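Colleague: Please take a close look at the charged side-chain pairs in this model. I would like to know who pairs with whom, where the partners sit, and how much of each is open to solvent.

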Amino acid sequence: MKRKLLALLLASLVILSLLVGCGAGSSQKSADYDMVVEESAGEYFSTSDSAPAEPEAPMAAPEEESIMSNSQSETGGDAINGGGEADLSEKIIYSMDAHIETMDFDGSIEKVSELLERFGGFVENSSVSGVDLYSRERGYTVTRYADYTLRIPSENYGGMTESLSEIGNVTNRSSYAENITTQFYDSQSRLNAYRTEEERLLSMLEKVEDVESMIVIEERLSEIRYQIENLETKLLNWQRQVDYSTVYLYIEEVAVLTEEKPIVRTYWEQVADSFTDSLQGIGRFFKQLLKGFVGALPVLVLLAVVAAVVLVIVKKINTKRKKKKMMKQQNNTEKDNTDA
């Protein structure tokens with residue numbers, strides 16, 4: 001009687017563990033699997049020793065199992081694979097966007113490398129654009145810019161963001177914090193549940209002898225292992241984002257840095273700012289106009305020469321036409337006098 005109760009208890013626990021997952025199989029497939037589980041459990045206990053078995057301690061529920069331990073390699077590897085002490089800390093992903101102006105573009109790029117070395121970060125993505133040697137050789141101003149995606153250890157994130165002013169003039173920055181604690185530990189609990197079910201199925205697979213039961217159990221094992229791989233990948237990516245915060249930098253080369261002004265400005269201060277901005281705009285306009293005029297001077301000289309030649313030719317043509325017209329009028333006048 002005790003063996004039958006234990007067999008039913010084991011079968012019920014396996015069925016409950018199936019309900020924890022996504023339930024990917026069809027209804028007929030689940031029914032076959034349940035039947036195989038009950039038969040396998042019955043065979044297991046029927047072939048056991050005839051002596052009364054001592055009841056086993058009840059198995060802990062998935063949420064009571066140890067959740068995640070800190071990663072020794074700062075990537076969350078041990079936490080994903082299990083083992084170690086439980087880590088119940090909050091999982092927060094920090095990131096920042098910053099726009100930086102600089103008049104020393106090459107120096108700013110070097111400063112980024114220095115900060116990365118100081119705070120133990122690395123470059124995930126980078127691009128530098130706007131370098132045009134052809135234009136620079138001819139004296140044209142070329143605006144260069146750089147995009148960086150930096151990964152900084154979370155414990156050094158604050159120091160890195162506070163040191164951005166060393167790169168250049170920070171005109172804009174935005175900080176973000178995403179708390180994924182609930183999603184993280186929920187996924188970890190489901191991963192533990194899948195691993196527990198995997199161990200039970202492997203134990204059953206060693207006991208069953210008929211091919212049909214083996215096929216059903218192996219199909220379920222494939223589904224569970226697929227879910228385990230997906231959850232392990234998701235947790236690993238989350239842990240990396242938690243361990244290493246992200247800083248997005250946009251560095252722009254400018255001729256004049258944007259002046260930092262107080263947030264609160266009086267009316268007359270605003271009027272003065274508008275007047276100053278207008279004067280600066282006029283000055284920049286005439287500078288560009290003068291530069292454009294000087295650059296186009298050879299073309300203008302050539303056009304002036306062509307225009308002068310055309311004017312001379314047109315003037316000669318008009319002079320000849322006037323002479324012909326005057327001679328014709330004179331001939332007509334002489335003819336009229338002769339007729340009279």
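Modeller: Asp106 is a good place to start: its relative accessible area is 46%, so it counts as partly exposed. Keep in mind that this is a predicted model. The partner of Asp106 is Arg144, and the closest N and O atoms of this salt bridge are 3.3 Å apart. The pair ties together distant parts of the chain, with the two positions 38 residues apart: Asp106 belongs to helix H4 (residues 105–119), while Arg144 is in the loop that runs from helix H5 (133–137) to strand E3 (145–153). Arg144 has a relative accessibility of 11%, which means it counts as buried, because the cut-off for buried is under 20%. One salt bridge here therefore has a partly exposed acid and a buried base.

Arg151 and Glu124 form another salt bridge, at 3.0 Å from N to O. This pair also links distant parts of the chain, 27 residues apart, with Arg151 in strand E3 and Glu124 in strand E2 (residues 122–129). Arg151 is buried, at a relative accessible area of 10%, whereas Glu124 is partly exposed, at 40%.

The pair of Arg190 and Asp186 is a local one. Both residues lie in helix H7 (residues 181–207), four residues apart, which is about one turn of the helix. Their side chains meet in a salt bridge with an N to O distance of 3.6 Å. Arg190 is partly exposed, with a relative accessibility of 25%, and Asp186 is partly exposed as well, with a relative accessible area of 43%.

Pairs are not the whole story. Lys111, Glu114, Arg118 and Glu166 are joined in a network of salt bridges. The total for the model is 11 salt bridges, counted with a limit of 4 Å between the side-chain nitrogen and the carboxyl oxygen. As background, side chains of opposite charge can pair when their charged atoms come close.

Charged residues also turn up in the second largest pocket, whose lining includes six of them, along with five polar and three nonpolar residues. That pocket holds about 470 Å³ of space. Its lining consists of 14 residues, and those nearest the centre are Val256, Leu257, Asp277, Gln280 and Arg284.

Notes:
Residues are numbered from 1 along each chain as its sequence is written. This is a predicted model: local features need pLDDT of at least 70, side-chain atom pairs count only at pLDDT 80 or more; totals for chains, interfaces and linings use all residues. Side-chain values use heavy atoms; hydrogens and water are left out. On a 1 Å grid over the protein atoms alone, a cavity is a set of points where a 1.4 Å probe fits but cannot get out, and a pocket is an open set with protein on both sides within 12 Å along at least five of seven lines; lining residues have an atom within 4 Å of a point. Grid points are joined across faces, edges and corners, and a volume is the space filled by probe spheres set on the points. Ala, Val, Leu, Ile, Met, Phe, Trp, Tyr, Cys and Pro count as nonpolar, Asp, Glu, Lys and Arg as charged, and the others, Gly among them, as polar. Buried means under 20% relative accessible area, exposed over 50%, partly exposed in between (1.4 Å probe, protein chains only).
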